[in-house]
Amino acid sequence: MDKRQKKKLKRSEKKKKTKAQAQQQQEQLKKQMNMFDRLPETCSACGQGFPKTREAHMSWKVVVRTEEQQVRLFCPACLEKASKLVEERDAAEQQTKEAP
Ligand SMILES: [Zn+2]
């Protein structure tokens, strides 16, 4: 086998690898697409319908749980409520810590 043939062989091996990688990427993409198929049409907390506008896409939050294959959608109002709850809880925890 001369050097040129060896080089050719190496190149074809590389091609195989990139092909496998591309296939993997595509499969991952497919999985992600499936997840987006599961996107709910309403807020997961209050049930408000998701308006399919650009603004809504910017302000609503999508929470993806890959392990459970669950997609949750939260409207801005519920997001605010949730963050307030967390703040209140943090404040309460601090108060109990400060109490003797
Ligand atoms: Zn909501």
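How many bridges join strand 1 to strand 2, and which way do the strands run? The views below come from a predicted model, and the opening one takes up that question.

**View A. Strand 1 and strand 2 pair as a hairpin.** Here strand 1 (residues 61–65) meets strand 2 (residues 70–74) through 5 bridges, and the two run antiparallel. Look for V64, whose bridge partner in strand 2 is V71. Between the strands sit 4 residues, and Q69 in this turn has a positive phi of about 55 degrees. In a regular strand, side chains alternate between the two faces of the sheet.

**View B. Helix 3 covers residues 76–98.** Follow its 23 residues from the first C-alpha to the last and you travel 33 Å, close to the 33 Å expected at 1.5 Å a residue. Helix 3 lies largely in the open, because the number of buried residues among its 23 is 0.

**View C. K52 sits in the loop between helix 1 and helix 2.** This loop links helix 1 (3–37) with helix 2 (54–59). K52 is exposed, as 8 other C-beta atoms lie within 10 Å. Try finding E41 as well: K52 and E41 are 11 residues apart in sequence, and their C-alpha atoms are 9.1 Å apart in space.

Methods. Residues are numbered from 1 along each chain as its sequence is written. This is a predicted model: local features need pLDDT of at least 70, side-chain atom pairs count only at pLDDT 80 or more; totals for chains, interfaces and linings use all residues. The expected span of a helix is 1.5 Å times one less than its number of residues. A residue is buried if 20 or more other C-beta atoms lie within 10 Å of its own, exposed if 12 or fewer, and partly exposed in between; C-beta atoms are placed from the backbone. Two strands pair if DSSP finds at least two bridges between them.
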